[in-house]
Amino acid sequence: MLNSHRLCRPFSSLIDQQKKDSNLVKFKIPGKLGGRNLNPIPLPHRTILDPRGQDLDYVNVAHSHLVHSDWAKLDKLAPNLTPFRVKHILLKIQKDYVLSLEFFNWVDTQNPNLHTLDTRSIILHILTKSSKFKSAESILKKILDSGSIHLPSKLFESILNSYRLCDSSPRVFDSLFKTYAHMRKLRNALDTFCQMKDYGFLPTVESCNAYLNTFKMLISTFCMNEDFDGAVQVVREMLERSMSPDSAILSELCHRLRQYGREKLLMELCKDIEARRLMPEGFEESRGIPA
């Protein structure tokens, strides 16, 4: 089982691009938290039951129809599909991402209930391993749109448990992290980051920027709507995660706070940032705090 109670560590927006490992980055975090986890949790070795009897016959026949693009014959087999058979067919054709995606979509048109977290995780591994990130993100968005409160933890666990089975790549977790960021599910993105780090994975620079840009967009939107309490709350959410606010967006917020006579809120905010030693480079504190 996934250790969902393992301590989740906050991270900074400062990225060390000098040392990269397969396009993955290290974060500069104060104290002992910086860099990759030196004692990651071992990846689980999950095995699944092999198909036997009628299941094995079905998988082999369906596989033959697939590799010969004989969809008419495959249509006749559709009534006898099961999630177990779908999973094994996907595993059998996983080296061909085009055929895998065609089959995945075909199953969805036949009966969407045949897809489980296992089959969805397998197609995510197949696509991300072949660098088909847009297709993977599209599937992830469809999964996450269901809105189930327990889905994020179950999805991560399912992807993790099938990782070795599919000889996968760390980019599958990166795609999950980036999708949460694009969907503005910031807490889910942070939880995913913490779980990734527990197992020795870190997201790419591109994905981290997507996450940080979401915070910047929220601050800017609150400012445009003159909801400065909301904007300051977003900055404080960043501070809670040990993230240094962007200099330009912080300057904009400070300017608007002065403009609307919110000096007290401005002083409290700057003191919070200074106390946590997260004042961004290029930001002149003297311009933020009124004389």
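**Exercise 1. Trp-71 and its partner**

Task: Work out whether Trp-71 is buried, partly exposed or exposed, then say how its ring is placed against that of Trp-106.

Solution, step by step:
- Start with Trp-71: its relative accessible area is 25%, so this residue is partly exposed. Keep in mind that we're working with a predicted model here.
- Now Trp-106: a relative accessible area of 9% falls under the 20% cut-off, so Trp-106 is buried.
- A pair of aromatic rings is described by the distance of the centres and the angle of the planes.
- The structure holds 11 aromatic pairs. For Trp-71 and Trp-106, the ring centres are 6.2 Å apart and the planes make 50°, so this pair is tilted.
- Trp-71 belongs to helix 2 (residues 71–77) and Trp-106 to helix 4 (residues 97–110), so the pair ties together parts that are 35 residues apart in sequence.

**Exercise 2. Phe-228 and Tyr-260**

Task: Classify the ring pair of Phe-228 and Tyr-260, and find where in the chain each partner sits.

Solution, step by step:
- The centre-to-centre distance is 5.1 Å and the planes are 45° apart, which makes the pair tilted.
- Phe-228 is in helix 11 (residues 228–240), while Tyr-260 is in the loop between helix 12 (247–259) and helix 13 (263–275). The partners are 32 residues apart, and the pair links distant parts of the chain.
- For exposure, Phe-228 comes out buried at 3% relative accessibility, whereas Tyr-260 is partly exposed at 35%.

**Exercise 3. Helix 4 up close**

Task: Check the span of helix 4 against what its residue count predicts, then list its buried residues and what covers them.

Solution, step by step:
- Helix 4 has 14 residues; at 1.5 Å a residue they should span 20 Å, and the end C-alpha atoms are 20 Å apart, so the two values agree.
- The buried residues of helix 4 are Leu-99, Ser-100, Leu-101, Phe-103, Phe-104, Trp-106 and Val-107.
- An α-helix has 3.6 residues a turn, so residues three or four places apart point the same way.
- The cover over those buried residues includes helix 1 (53–67), helix 2, helix 3 (83–92), helix 5 (117–129) and helix 6 (133–144).

**Exercise 4. Around His-125**

Task: Which residues does His-125 touch, once neighbours within four places in sequence are left aside?

Solution, step by step:
- Locate the residue: His-125 is in helix 5.
- Its relative accessibility is 1%, so His-125 counts as buried.
- The contacts that remain are Ile-159, Ser-162, Tyr-163, Cys-166, Ser-168 and Val-172.
- Tyr-163 also turns up in an aromatic cluster, along with Phe-156, Phe-173, Tyr-199 and Phe-201.
- For a ring with a charge over it, look at Tyr-58: the charged end of Arg-85 sits 4.5 Å from the ring centre.

**Exercise 5. Zooming out**

Task: Describe the chain as a whole, then look at the stretches annotated as repeats.

Solution, step by step:
- The chain has 14 helices and 2 strands.
- Of its 291 residues, 47% are buried.
- Among contacts with a separation of 6 or more, 67% are between residues 24 or more positions apart.
- About 15,400 Å² is exposed, with carbon and sulfur atoms supplying 49% of that area.
- The unreviewed UniProt entry annotates "repeat: PPR" over residues 169–203 and 211–245.
- Residues 169–203 are 71% helix and 0% strand, with end C-alpha atoms 12 Å apart.
- Residues 211–245 are 77% helix and 0% strand, and there the end C-alpha atoms are 12 Å apart.

How values were computed
Residues numbered from 1 in each chain as written. Predicted model: local features only at pLDDT ≥ 70, side-chain atom pairs only at ≥ 80, totals over all residues. Heavy atoms only, no water. Phe/Tyr/Trp six-rings, centres within 6.5 Å; stacked < 30°, edge-to-face > 60°. Helix = DSSP H or I, 4+ residues; strand = E, 2+ residues; numbered from the N terminus. Buried < 20%, exposed > 50% of the residue type's maximum accessible area, 1.4 Å probe, protein only. Lys NZ or Arg CZ within 6 Å of the ring centre and 35° of its normal. Contact = heavy atoms within 4.5 Å. Areas by Shrake-Rupley, 256 points an atom, 1.4 Å probe, with all protein chains shown as cover. UniProt positions renumbered as here; feature names shortened; annotations may be inferred. Expected span 1.5 Å × (residues − 1).
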